[in-house]
Amino acid sequence: MMRKAGILMPVFSLPGPYGIGCFSKEAYRFIDFLSDAGQSYWQILPLGPTSYGDSPYQSFSTFAGNPYFLDPETLRKEGLLTRTDLHEYRTSPDEKIDYAFLYKERFALLRKAFRNFNTDYPEYEEYKEKESDWLYDYSLFMALKDAHDGESFVSWEEKYRLRDEQALKEFADEHTDDIEFYSFIQYEFSSQWGALKKYANDKGIEIIGDIPIYVSADSSDVWCDPRLFQMDGSEKPVAVAGCPPDGFSADGQLWGNPLYRWDYHEKTGFDWWIRRIKKCTELYDVIRIDHFRGFDEYYSILAGDKTAANGHWEPGPGMKLFNAIKEALGDVQIIAEDLGFMTDSVKELVKDSGFPNMKVLEFAFDSRDSSSAGTADNVYLPFNYDRNCVVYTGTHDNETLRGWLSSITPKELSNVKNYLGLPKDAKKSDIVDPFIRAALSSVADLCVIPMWDYLGLPNSARINTPSTVGGNWQWRCPAEELTKRLANDIEKKTKIYGR
């Protein structure tokens, strides 16, 4: 990889009139903005349908796309909605995403579009055949969820929870349209995202997609094949995922995702993972795998525990998984998210994989993230980077750069100023640009700056605060902020530092 630059911007954060960012004209304009800004990459967050807590890292399917990202205007152009339909669709304010509003109103609009859709359309039939290994099961799962008022499948009647063949057939016969509705959504998602991705690629912009290492406990993935996960005879998790206690959380992080049965995956030649990564190569140009260290060792928490404090580490599949992926799919462009406590074995796995890892510049100075913060041997300081890495000012899980500068200790702030060669009386607002330049000027092959940092926004624009529920995944970028002047400024910096 040559020296390149990109911007992190979730699809849901795009501006637009429909209550959430989507594959609308504003998405195409953002790609134009990236091109004008001299960028080579657009990094997004997971595209899956969101479940618990509205988090893109908790999805109803690892293969499906988010219904909220469908552009209503495109559906109108396809003859599935009218101008009156769009006029009557009441949108939530652009400042923050109202997921409760979307759940009620957006699905009603999509149902209306589905009623005008010809399910005998040849391309639709071809799509369903192509995606047959997951699409029908997912659509059936979602129809069952609707029939159970959205309850998790673990609370369904046993005949549905344990997938009794006759019971599922009878349900399917009675809910044909409901099942077809979810397949229709995925067809439209594939069509709209495919067109947007092609537009980006034609403009010289590659997409960095993001996939969680784990799947949601309440997902079609777990429901369809519980053998892949550490489940009991009632198809309920035996152990769940999370992170041990650290400087940010005394009790650790209890994610609640079911853990993989890696021995079973290995027996199948890692077939499910190969299919998952293959799907990702169709959606993205580069894949960022979240929590990469879980492939070396994963943190196991007994199901039912209230915190992550009593968990323990278990061995993961290591290079056996990635060797199988390479043998099946060839060289796949992957970024390893290896943040957090790094053991020697994790470092070895990252090295053996050859994947670029991540460096977060905020971590170089923040003692909450590193005991070596502010010292010369801190791995997040640019002069310690290897070229084969991706540098960020911060990620979607961090404070915005401006917010972070306001939250660190006076000593840490002083270390930042000293490192950047700024005077002691430099204002915090004057530190944002030099900090971004420090990332851009590093030897890292790729530098990705979050959009909110280029805009110099406070923590009101923060995407996510880990271990909290509510108030996350809601920020939207005001359209008026994406100016030609800002694009020119970003392009100038990008060129100065050879990206």
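**Exercise 1. The second largest pocket**

Which helix and which strand each supply at least two residues of the lining of the second largest pocket? Work out also how much space the pocket holds and what kinds of residue surround it.

*Solution.* Keep in mind from the start that this is a predicted model.

Step 1. Begin with the space itself: the second largest pocket holds about 430 Å³. Its lining counts 22 residues, and those closest to the centre are Val332, Ile334, Ser353, Gly354 and Phe355.

Step 2. Now look for the elements. Helix H13 (319-329) and strand S11 (389-392) each supply at least two residues of this lining. H13 gives the most, with five residues.

Step 3. Finally, sort the lining of this pocket by class: 12 residues are nonpolar, six are polar and four are charged.

**Exercise 2. The chain as a whole**

Find out why the radius of gyration of the chain agrees with that of a compact globule, and describe the chain's overall build.

*Solution.* Step 1. Count the elements: the chain has 19 helices and 12 strands.

Step 2. Compare the radius. A compact globule of 499 residues would have a radius of gyration near 23 Å, and the chain has 23 Å, so the two agree. Along the principal axes, the C-alpha atoms fill a box of roughly 70 × 55 × 40 Å.

Step 3. Check how the chain packs. Of the 499 residues, 56% are buried. Among contacts with a separation of 6 or more, 73% are between residues 24 or more positions apart.

Step 4. Turn to the outside: the accessible surface comes to about 21200 Å², and carbon and sulfur atoms account for 49% of that.

**Exercise 3. Spaces closed inside**

How many cavities of 30 Å³ or more are there? Describe the lining of each.

*Solution.* Step 1. The count is two cavities of 30 Å³ or more.

Step 2. Take the largest cavity, with about 210 Å³ of space. It is lined by 25 residues, and Gly48, Ser61, Thr62, Pro212 and Arg276 lie nearest its centre. Strand S3 (206-211) and helix H12 (271-283) are the elements that give two or more residues to this lining. H12 gives the most, namely four residues. By class, the lining of the largest cavity has 14 nonpolar, seven polar and four charged residues.

Step 3. Move on to the second largest cavity, whose volume is about 40 Å³. Phe12, Ile20, Pro46, Thr50, Asp54, Pro56, Asn66, Phe69 and Tyr99 line this cavity. Six of them are nonpolar, two polar and one charged.

**Exercise 4. Two loop residues**

Locate Thr268 and Gly294, then decide for each whether the residue is buried, partly exposed or exposed.

*Solution.* Step 1. Thr268 sits in the loop between helix H11 (262-267) and H12. Its relative accessibility is 33%; buried means under 20% and exposed over 50%, so Thr268 counts as partly exposed.

Step 2. Gly294 sits in the loop between strand S6 (286-289) and strand S7 (297-302). Because its relative accessible area is 1%, Gly294 is buried. Leaving out residues up to four places away in sequence, Gly294 touches Ile213 and Gly316.

Step 3. Add distances between C-alpha atoms. Thr268 and Lys484 are 216 residues apart in sequence and 52 Å apart in space. Gly294 and Asp338, 44 residues apart along the chain, are separated by 9.1 Å.

Notes: Residues are numbered from 1 along each chain as its sequence is written. This is a predicted model: local features need pLDDT of at least 70, side-chain atom pairs count only at pLDDT 80 or more; totals for chains, interfaces and linings use all residues. Side-chain values use heavy atoms; hydrogens and water are left out. On a 1 Å grid over the protein atoms alone, a cavity is a set of points where a 1.4 Å probe fits but cannot get out, and a pocket is an open set with protein on both sides within 12 Å along at least five of seven lines; lining residues have an atom within 4 Å of a point. Grid points are joined across faces, edges and corners, and a volume is the space filled by probe spheres set on the points. Ala, Val, Leu, Ile, Met, Phe, Trp, Tyr, Cys and Pro count as nonpolar, Asp, Glu, Lys and Arg as charged, and the others, Gly among them, as polar. The radius of gyration is taken over C-alpha atoms; the globule rule is 2.2 Å times the number of residues to the power 0.38. Buried means under 20% relative accessible area, exposed over 50%, partly exposed in between (1.4 Å probe, protein chains only). Contact means heavy atoms within 4.5 Å. Accessible areas come from the Shrake-Rupley method with a 1.4 Å probe; for residues, only the protein chains shown count as cover.
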